[in-house]
Amino acid sequence: MSDYNFAYLDEQTKRMIRRALLKALAIPGYQVPFASREMPMPYGWGTGGVQVTAACLTPDDRLKVIDQGADDTTNAVSIRRFFQRTAAVAVTESTAEASIIQTRHRIPEHPLIEGQILVYQVPIPEPLRFLEPRETETRKMHELEEYGLMHVKLYEDIARHGEIATSYDYPVKVGGRYVMDPSPIPKFDNPKLAGNPAIQLFGAGRESRIYAVPPYSDVVSLDFEDHPFVASKADHDCDLCGASSSYLDEVITDDAGSRMFVCSDTDFCNGRQAAGHRGRLSPEGT
């Protein structure tokens with residue numbers, strides 16, 4: 001650890017990121033530019049989230065890193081080891097024990113509490129990017145609160161599919177003002193953004209943008225009166241712990257196409273199994 005500054009980034013860079021975070025918290029949903037640094041990992045592997053986490057970490061923190069809900073995937077393990085090596089902070093796989101949680105594409109199933117920080121890895125922070133590619137124009141649209149194009153996109157979903165078919169990266173409006181990209185979380189997780197007691201920070205390293213949702217903020221998923229937002233999930237229970245209300249991954253188990261559904265959040269699933277809950281394919285199931 002002595003070969004690195006604490007959490008890798010130099011102190012001046014951390015102060016710069018913290019100033020951007022304070023501005024982002026003061027203007028919920030607004031994308032704050034920052035001078036993103038080169039990190040010892042490729043863009044797309046969470047460089048924005050890593051920089052935000054590095055700026056927030058203290059020696060007393062306990063860090064948890066998840067990738068699509070799992071603690072044991074390549075991205076999660078690599079980032080967790082990175083901070084263990086450069087900051088020597090305590091790490092955990094328990095959501096309840098963590099003070100800082102860095103996540104890729106999920107919000108933990110276990111409810112977060114005051115004092116916790118949830119850091120999202122964000123690939124594309126601009127929710128209007130695929131509707132209007134010119135950043136000069138999207139900035140004007142945010143300034144004028146002109147979000148009709150987003151509603152047209154959702155209406156086209158209804159016209160083609162009979163419902164809003166967007167299943168992840170579902171746009172939200174924060175504090176009644178800015179339309180925000182919640183990162184590519186499944187829309188099942190969107191309701192957890194609203195009224196969350198934790199601080200939610202979003203870092204996009206490649207795009208050099210930071211934005212935030214303060215605790216207990218009003219976050220509304222865009223919809224229509226006659227087609228209200230629905231937080232959808234697979235119509236199954238977890239085959240390991242039996243949970244009926246968690247987001248599930250579909251896993252192909254053999255060449256014949258057999259499949260099982262398991263909780264995306266491994267800590268949540270393991271905790272339920274430890275408490276005695278059993279699913280259809282649990283080793284101790286009946």
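How many salt bridges does the rule find across the interface of domain 1 and domain 2? The count is 0. That is a good place to begin a tour of this predicted model.

Let's start with the layout. The protein is divided into two parts: domain 1 covers 11-127 + 171-221, and domain 2 covers 233-280. Taken over C-alpha atoms, the centres of domain 1 and domain 2 lie 26 Å apart.

Now to the place where the domains meet. On one side, 14 residues of domain 1 take part in the contact, and on the other, 9 residues of domain 2. Together the two domains bury about 890 Å², with 50% of that area on carbon and sulfur atoms. Although salt bridges number 0 here, there are 7 residue pairs in polar contact between domain 1 and domain 2. By class, the domain 1 side of this interface has 4 nonpolar, 5 polar and 5 charged residues.

Next comes the largest pocket, which holds about 370 Å³ of space. Its lining is made up of 16 residues, and nearest the centre are Pro-127, Phe-130, Tyr-168, Asp-169 and Asp-181.

Here are the residue classes for the two surfaces just described:

| Surface | Nonpolar | Polar | Charged |
|---|---|---|---|
| Domain 1 side touching domain 2 | 4 residues | 5 residues | 5 residues |
| Lining of the largest pocket | 9 residues | 3 residues | 4 residues |

Definitions and conventions
Residues are numbered from 1 along each chain as its sequence is written. This is a predicted model: local features need pLDDT of at least 70, side-chain atom pairs count only at pLDDT 80 or more; totals for chains, interfaces and linings use all residues. Side-chain values use heavy atoms; hydrogens and water are left out. Domain bounds come from an automatic or database domain assignment. Contact means heavy atoms within 4.5 Å. Buried area is the accessible area (1.4 Å probe) that two parts lose on being put together, summed over both. A salt bridge is a side-chain nitrogen of Lys or Arg within 4 Å of a carboxyl oxygen of Asp or Glu. A polar contact is a pair of N or O atoms within 3.5 Å; within protein, one must be able to donate a hydrogen and the other to accept it, and residues adjacent in sequence count only if both atoms are side-chain atoms. Ala, Val, Leu, Ile, Met, Phe, Trp, Tyr, Cys and Pro count as nonpolar, Asp, Glu, Lys and Arg as charged, and the others, Gly among them, as polar. On a 1 Å grid over the protein atoms alone, a cavity is a set of points where a 1.4 Å probe fits but cannot get out, and a pocket is an open set with protein on both sides within 12 Å along at least five of seven lines; lining residues have an atom within 4 Å of a point. Grid points are joined across faces, edges and corners, and a volume is the space filled by probe spheres set on the points.
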